Amino acid sequence: MPIEICPSGRELGAEILNIDLREELDTETLDVIRQAWREYLVLLIRGQDISDGDLVRFSEYFGELRTSPLGEARMKGRSRSPDGFPQVAIISNVTKDGLPIGSLGNGEAIWHTDMSYLESPIMAAVLYALEVPPSGGDTGFANMYLAHDTLPEELRAELVDRVCIHDHSLNSAGFLRRGYEEVTDVTQTPGARHPLFRTHPETGRQALFLGRRRNAYISGLPVEESEALLDAVWAHATKPEFTWHHKWNVGDLLMWDNRAVLHRRDSFDNSTRRVMHRTQIEGDKPFYQAA
Ligand code: SIN
């Protein structure tokens, strides 16, 4: 059966049916996937039973992979990649011999863009579920094209051509990364500076480009003004009508366009297990080109 694209019915997200990621994909199939990805921003493929090698091969169809720079202060140097796959990051609350096997624990991961604290954030991430809790741990996405296109005019005028600092010190679960200190003055937040509006290099569409709310700062503004604008733009960008949440089953795989969506993860009971393997696809330095 040919592959089929089934939209989520929300403002982003689609499921791909009739695909087996243990097999190599032909050019025609990949073209359909790329087209759907550009249109729906997040793709879901259910019912897979794949190895890390399969995950890497599928991810590499879309670009070069980046080794994960996971660095929570409490991880004490233990590898959080499966043996032989440094390009695969483990996202998990499970511990082994008293140490976490992965990152992010069981708490909520707040709305964020992956690695936007770097000059060149990743273009995309692919997340595959090996073990999931009976409840909680859902992953949500918000459409940043739509958030951009529906911005109130006065807010747009305040934000256009502005640059924001994307905090490197805290990860999305709120853990302080190794080598960083708590930020007490947001004007000194460590991390890359990016335009608040971002032109998508493939579609040419404009998107809001937000990293994490915590410790963000709009360069050049008094702190109170920056805080007020950031509160307003974050409240707008994460409106429920822009979002789609996925409840995981073992064997599900999600792939998202990190240039055009925010994502988050619900907390879950720490007495249950959640084990996910994630790849990160290389990206470019964000830019804004007014239409
Ligand atoms: C992530 O933020 O990349 C992980 C999301 C998840 O664990 O569902």
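1. Let's start with Arg-66, whose side chain reaches the backbone oxygen of Ser-120 at 2.6 Å in this predicted model. The Arg-66 side chain also makes a polar contact of 2.7 Å with the side chain of Glu-282. So for this one arginine you can look at two partners, one through a backbone oxygen and one through a side chain.

2. Where does Arg-66 sit? Its place is in the loop between helix 2 and strand 4. Arg-66 counts as buried because its relative accessibility is 12%, and the cut-off for buried is under 20%. Beyond its close sequence neighbours (those within four places), Arg-66 is in contact with Gln-87, Met-115, Leu-118, Ser-120, Pro-121, Ile-122, Gln-280, Glu-282 and Gly-283. As a check on the fold, Arg-66 and Ala-125 are 59 residues apart in sequence, while their C-alpha atoms are 9.9 Å apart in space.

3. Gln-87 deserves a look next, as one of the contacts of Arg-66. Gln-87 lies in the loop between helix 2 (52-60) and strand 4 (88-92). With 19% relative accessibility, Gln-87 counts as buried, since the limit is under 20%. Not counting residues up to four places away in sequence, Gln-87 touches Val-56, Leu-65, Arg-66, Thr-67, Arg-278, Thr-279 and Gln-280.

4. Helix 2 has several buried residues: Asp-52, Asp-54, Leu-55, Val-56, Phe-58 and Ser-59. Their cover includes helix 1 (27-40), together with strand 3 (42-45), strand 4, strand 9 (124-131), strand 17 (253-257) and strand 19 (275-281).

5. On to the sheet. Eight strands make up an open sheet with mixed pairing, in the order 1-2-3-17-9-19-4-7. Strand 1 (4-7) and strand 7 (103-104) are at the edges with a single partner strand each, so each has one side without a neighbour in the sheet. Strand 4 and strand 7 run parallel and are joined by two bridges; Ile-91 has Ser-103 in strand 7 as its bridge partner.

6. Finally, the ligand. Which residues surround it? They are Ile-91, Leu-104, His-112, Asp-114, Leu-127, Thr-139, Trp-256, His-263, Arg-265, Arg-274 and Arg-278. By class, this shell has four nonpolar, three polar and four charged residues.

7. For the polar side of the site, an N or O atom in the side chain of Thr-139 is 2.5 Å from a ligand oxygen atom. A polar side-chain atom of Arg-278 lies 2.8 Å from an oxygen atom of the ligand, and for His-112 the corresponding distance is 3.0 Å. The protein covers 99% of the 260 Å² of accessible area that the ligand has on its own.

Methods:
Residues are numbered from 1 along each chain as its sequence is written. This is a predicted model: local features need pLDDT of at least 70, side-chain atom pairs count only at pLDDT 80 or more; totals for chains, interfaces and linings use all residues. Side-chain values use heavy atoms; hydrogens and water are left out. Helices (H or I, at least four residues) and strands (E, at least two) are DSSP runs, numbered from the N terminus. Buried means under 20% relative accessible area, exposed over 50%, partly exposed in between (1.4 Å probe, protein chains only). Contact means heavy atoms within 4.5 Å. A residue is near a molecule or strand if one of its heavy atoms lies within 4 Å of it. A polar contact is a pair of N or O atoms within 3.5 Å; within protein, one must be able to donate a hydrogen and the other to accept it, and residues adjacent in sequence count only if both atoms are side-chain atoms. Accessible areas come from the Shrake-Rupley method with a 1.4 Å probe; for residues, only the protein chains shown count as cover. Ala, Val, Leu, Ile, Met, Phe, Trp, Tyr, Cys and Pro count as nonpolar, Asp, Glu, Lys and Arg as charged, and the others, Gly among them, as polar. Two strands pair if DSSP finds at least two bridges between them.
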